[in-house]
Amino acid sequence: MTKAFQFKTGFQLGVATAAAQIEGGKVDSNWFHFSEIPGAILDGSHVQRANQHWELYEEDIALLDELGIRHYRMSLDWARIEPEEGVFDETVLEQYRTEIQKMCDLGINVFLTFHHFSHPQWFEEKGAFLHYENVDAFLRYVEKSLHYIADLVSDYCTVNEPNVYAVNTYLFGEWMRYKKSLRKTLQMMDVFIALHILTYELIHKFRKERGYTNTRVSFAHHVRHFTPATAWPHDRWGARLLSYLFQEGLFRAAATGEFSFPFKNLANVEKGQYIDIIALNYYSRGATRCFQDTTLGDVPKNDLGWEIYPEGLIEEARRCYALLALPIVVSENGCCDNEDLFRPRYIYDHLRLITESELPFEAYYHWCFLDNFEWAVGELARFGLVHCDYKTQKRTLKKSAYFYAQMIRDHGVTASSYDTYVEPCRYHRDEVNILRDYVND
């Protein structure tokens, strides 16, 4: 059987980044302050370094162009734009406009995210997304930003992975070092749902008033495929409950305004449609033991020990599509592969299933364009197509980058590119975990 395949007509490949993870600089954000706490970042690195993209954005845009990438998901850093409450830095907004304009001039379409885990420290000190009354500050920032970029961008993401941010902050207590609380986790999810819907309406209203009719807005919904670790009933029930609480209930509320326990309609919105595309971030499958999310044993894994399970993307996309029959965009998909040993196969396996699926996938954004600051893990985990030497900030294209560029040129995978890039790749099946190994060393 041939390993080659062609993408469907109109299907596009892109790459994704997040402002705080690549820009660097002394920015008064929640992540800057968290990085200052001894031991908060696993490898001792600091968000201040990252990739220095704020200064090197022209070099990075040139790399996008060299690889033939014409679809780029990026975010704005609210902490740069509004460093003090009510005080906006116009020079920052002008630079974001310049960066986006340069990409537009090259034919690169921008998919813009307004919140990707990072926000001003003054907002954090107000309780951030734990309190519904703080949503107005976010809407003010979005509207101010739109004055600078609304004519350049038609596709928007209101917020990235609200479930992940809430869970890592309050359920696991790993981000920002808050006391663990299921109640606060759900409370933050409720605020994020309201924030998304109100931001969706704001963006549409703003662009419609200026005569733009091609606006599309969504939120980047993180989906994880939950499967029972055994056939025991408590594992099956646990998988269903975790899937509902983590992703399904939130997605239904944010996408349609239809709320069910325990999610609350804080903004009193009516039932309707509050996304124009289904934007999914997908990485892995979890094995549920009662109510604990674990990993199966003898399965392919990435360098963080996450299972590689491409089928989960299709299965979760089908669930979302059953709720709203809309175009589907994979807004993030990628793997931690520090030596770039199996990334081409990971990409290939997901794209092949996407191509074979009956679902209307229209774009795939690989996470990440270049190695970056991976939140509480720091610089230890590498997800990029482009290698970054953090000390020198030198960028180097990886084998997987050349494969990605070849797929863009061929609009699919040829037998030759499969043999060159995919065939030599092999997944880990042992207990590889760079985080555990780093701590033990």
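**Note on cavities and salt bridges**

1. The largest cavity has a volume of about 70 Å³. The model in which this cavity is found is a predicted one. Its lining is made up of 13 residues, and those closest to the centre of the cavity are Ala 20, Gly 24, Val 27, Val 47 and Asp 77. Two elements, α1 (19-22) and α2 (30-35), each give two or more residues to this lining.

2. What classes of residue line the largest cavity? Six are nonpolar, four are polar and three are charged. Asp 77, one of the residues closest to the centre, belongs to the charged class, because Asp is counted there.

3. Over the whole structure, the search gives four cavities of 30 Å³ or more. The second largest has a volume of about 50 Å³. Its lining consists of Phe 7, Lys 8, Phe 11, Ile 354, Thr 355, Leu 359 and Phe 361. By class, this lining has five nonpolar residues, one polar and one charged. Lys counts as charged, so Lys 8 is the charged residue of this lining.

4. Turning to charged pairs, the whole structure holds 26 salt bridges. In general, side chains of opposite charge can pair when their charged atoms come close. Three of these pairs are described below.

5. Arg 216 and Asp 155 form a salt bridge through their side chains, with an N to O distance of 3.0 Å. The two residues are 61 residues apart and the pair links distant parts of the chain, with Arg 216 in strand β6 (residues 216-228) and Asp 155 in strand β5 (residues 155-160). Is Asp 155 buried or exposed? Asp 155 counts as buried because its relative accessible area is 16%, and the cut-off for buried is under 20%. Arg 216 has 22% relative accessibility and so counts as partly exposed.

6. Glu 209 and Arg 210 also meet in a salt bridge, and their closest N and O atoms are 3.6 Å apart. Glu 209 is exposed, at 52% relative accessibility, since exposed means over 50%. Arg 210, with a relative accessible area of 39%, is partly exposed.

7. A further salt bridge pairs Arg 240 with Glu 248, where the closest N and O atoms lie 3.3 Å apart. Which residues are joined with this pair in one network? Glu 316 and Arg 319 are, through salt bridges that share partners. Both members of the pair are partly exposed: Glu 248 has 21% relative accessibility, and Arg 240 has a relative accessible area of 45%.

Notes
Residues are numbered from 1 along each chain as its sequence is written. This is a predicted model: local features need pLDDT of at least 70, side-chain atom pairs count only at pLDDT 80 or more; totals for chains, interfaces and linings use all residues. Side-chain values use heavy atoms; hydrogens and water are left out. On a 1 Å grid over the protein atoms alone, a cavity is a set of points where a 1.4 Å probe fits but cannot get out, and a pocket is an open set with protein on both sides within 12 Å along at least five of seven lines; lining residues have an atom within 4 Å of a point. Grid points are joined across faces, edges and corners, and a volume is the space filled by probe spheres set on the points. Helices (H or I, at least four residues) and strands (E, at least two) are DSSP runs, numbered from the N terminus. A salt bridge is a side-chain nitrogen of Lys or Arg within 4 Å of a carboxyl oxygen of Asp or Glu. Buried means under 20% relative accessible area, exposed over 50%, partly exposed in between (1.4 Å probe, protein chains only).
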